[in-house]
Amino acid sequence: MDAKDIAQDFEHVLFTADQVQDRITELGAQIDADYEGKELLLIGVLNGAIMVMADLSRALRSHCTMDWMAISSYGSGTKSSGVVRILKDLSTDISGKHVLIVEDIVDTGLTLSYLVQNLQSREPASLEIMTMFRKPEAITTDVDVKYVGFDIPNEFVVGYGLDYAGRYRNLRDVGTLAEHVYR
Ligand code: IMP
């Protein structure tokens, strides 16, 4: 769906589907160059990163493998719960591999900080992070995100994999919802 399909629920578009795709293409080229001669293992964080993973992996011009993890974060609200729990672990052994975590959005950085610690202990050859969106608070945390799609204001956004109460992940554009949706 596009923003115009849900005009009554929508407040404003931050990034159109085309802007998101253009940025993914740029990041893909940068990642290809940085990992030249190395095979990447992309680890997607479910459920939000599904769209980023699908597009970023196809933007790469070199081989990669993919695996997935699911971690608890917001539940159905818009504030971080502070509770981090593995709901689904990886299916593969990452030791000795070049791992790139693929995230939808970093807000407090709580989820990522836990994930990085957890994955580092499995001794990958390298571990970096890519996120499509980053909120201001994330910059103040100690988690070093190498690839950032867009820095965004401190607003709750939906679309391109990002949900509110399970909905709007299939929205092509990215933007904010009208106040009445949260009531
Ligand atoms: P953090 O642990 O506070 O960095 O939150 C990261 C997770 O919270 C993301 O992977 C998302 O699932 C969720 N999240 C944070 N901000 C937003 C938002 O604006 N829209 C939708 N989900 C969000």
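Reader: Which residues come nearest to the ligand, and what makes a residue count as near?
Author: Asp-107, Thr-108, Gly-109, Thr-111 and Val-157 come nearest, out of 18 residues around the ligand. A residue counts as near if one of its heavy atoms lies within 4 Å of the molecule. A word on the basis: this is a predicted model, where local features need pLDDT of at least 70 and side-chain atom pairs pLDDT 80 or more, while totals for chains, interfaces and linings use all residues. Residues are numbered from 1 along each chain as its sequence is written, and side-chain values use heavy atoms, leaving out hydrogens and water.

Reader: What makes the pair between Gly-109 and the ligand a polar contact?
Author: A polar contact is a pair of N or O atoms within 3.5 Å (within protein, one must be able to donate a hydrogen and the other to accept it, and residues adjacent in sequence count only if both atoms are side-chain atoms). A backbone N or O atom of Gly-109 is 2.8 Å from a ligand oxygen, so the pair meets that limit. The side chain of Asp-104 also has an N or O atom 3.0 Å from an oxygen of the ligand.

Reader: How do you know how much of the ligand the protein covers?
Author: Accessible areas come from the Shrake-Rupley method with a 1.4 Å probe (for residues, only the protein chains shown count as cover). On its own the ligand has 500 Å², and the protein covers 94% of that.

Reader: Which strand gives the most to the shell, and why is it called a strand?
Author: β5 does, with 4 residues. Strands (E, at least two residues) and helices (H or I, at least four) are DSSP runs numbered from the N terminus, which is why the name β5 applies.
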